[in-house]
Amino acid sequence: MNLRRLAYHGCRLLLGGLFLYAGLVKGQDVTAFARDLAAYQLLPYAFNYLVAATLPYVEVLAGALLLLGRNVRGAALLLALLTLVFIGAILSAMLRGLEIDCGCFGGGAATPLWLALLRDLGILALAHFSYHLRPAPGR
C-alpha cells in the first residue's frame, strides 16, 4: 500500500469515525443540542429544534458512508460544507463575544470556541484529503 492510499484511508476513516460519533452523541439528546444551537443566536428559535433533530442523522449517514467506503466523495464534500458552516458559526460567536460551548460533540464537553475552530480546520483538511486522495476506480 503506497503512502497516498494510506493517507486516503486514514483521513476517510478518521473523518467518518468523528462524524459518526458526533452524530450519535448529539442524537441522544436533541433538546440539549437544540439548546447548544440556540446559544449561537443565529437561527429563529424553532429552527434550532429542526436543525437539532436532523443534523445528527446527516452526520451519522455521512460518517457511515465514509467508514464503509461508499460514495466517499459525496460524503466528504457534504461534511466539508457542514464544517464550513460550523466554522462560520464559531467565527460569528467569537466576533460577537459570546462565551458558549461549541456543542460539537454534545453537551457536557465544554470546548472553548478557539479550540473548536482549530479542530474544525483540521476536520476540513481531513475532508479535503478524503475527497482528493481517493484512488481512481480500477487502481
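Here is a quick tour of this structure, from its overall build down to a few residues worth finding in the viewer. Keep in mind that this is a predicted model.

**The overall build**

Start with the fold. The protein has five helices and zero strands, so reading along the sequence gives the pattern α-α-α-α-α. Its C-alpha trace spans about 50 × 25 × 25 Å along the principal axes. How does the radius of gyration fit a compact globule of 139 residues? Such a globule would come out near 14 Å, and the protein has 16 Å, which agrees.

Buried residues account for 38% of the 139 residues. Take the contacts between residues at least 6 apart in sequence: 70% of them join residues at least 24 apart. On the outside, the protein exposes about 7,800 Å², with carbon and sulfur atoms supplying 69% of that area. As for charge, there are 11 positive and 6 negative charges, and the mean positions of the two sets are 21 Å apart.

**One salt bridge**

How many salt bridges does a search of the whole structure find? The count is one. That pair is K26 and E59, whose side chains meet at 2.9 Å, N to O. K26 sits in helix 1 (residues 3–28) and E59 in helix 3 (residues 45–68), so the bridge ties together parts that are 33 residues apart in sequence. Are these two partners buried or exposed? K26 is buried, with a relative accessible area of 4%, and E59 is buried too, at 0%.

**A buried charge without a bridge**

Now look for D120, which is in helix 5 (residues 113–132). D120 is buried yet has no salt bridge. The nearest side chain of opposite charge belongs to R119, 4.5 Å away; a salt bridge needs the nitrogen and the carboxyl oxygen within 4 Å. Which residues does D120 contact, leaving aside neighbours within four places in sequence? They are T83, F86, I87 and I90, and helix 4 is the stretch 72–95.

**F33 and its surroundings**

F33 belongs to helix 2 (residues 30–39). At 5% relative accessibility, F33 counts as buried. Not counting residues up to four places away in sequence, F33 touches K26, V51, A52, L55, P56 and G103. K26 is a name you have already met, as a partner of E59 in the salt bridge. For a sense of distance, pick out R5 as well: F33 and R5 are 28 residues apart in sequence and 36 Å apart in space, C-alpha to C-alpha.

**Two loop residues with positive phi**

Finally, turn to the loops. Q41 has a positive phi although it is not a glycine, and N71 also shows a positive value in a residue other than glycine. Here they are side by side:

| Residue | Phi | Place | Relative accessible area |
|---|---|---|---|
| Q41 | about 55 degrees | loop between helix 2 and helix 3 | 54%, exposed |
| N71 | near 45 degrees | loop between helix 3 and helix 4 | 55%, exposed |

So what is the setting of Q41, buried or exposed? Q41 is exposed, with a relative accessible area of 54%. N71 is exposed as well, at 55%.

Note on methods:
Residues are numbered from 1 along each chain as its sequence is written. This is a predicted model: local features need pLDDT of at least 70, side-chain atom pairs count only at pLDDT 80 or more; totals for chains, interfaces and linings use all residues. Side-chain values use heavy atoms; hydrogens and water are left out. Helices (H or I, at least four residues) and strands (E, at least two) are DSSP runs, numbered from the N terminus. Buried means under 20% relative accessible area, exposed over 50%, partly exposed in between (1.4 Å probe, protein chains only). The radius of gyration is taken over C-alpha atoms; the globule rule is 2.2 Å times the number of residues to the power 0.38. Contact means heavy atoms within 4.5 Å. Accessible areas come from the Shrake-Rupley method with a 1.4 Å probe; for residues, only the protein chains shown count as cover. Lys and Arg count as positive and Asp and Glu as negative; His and the chain ends are not counted. The place of a charge is taken as NZ of Lys, CZ of Arg, CG of Asp or CD of Glu.
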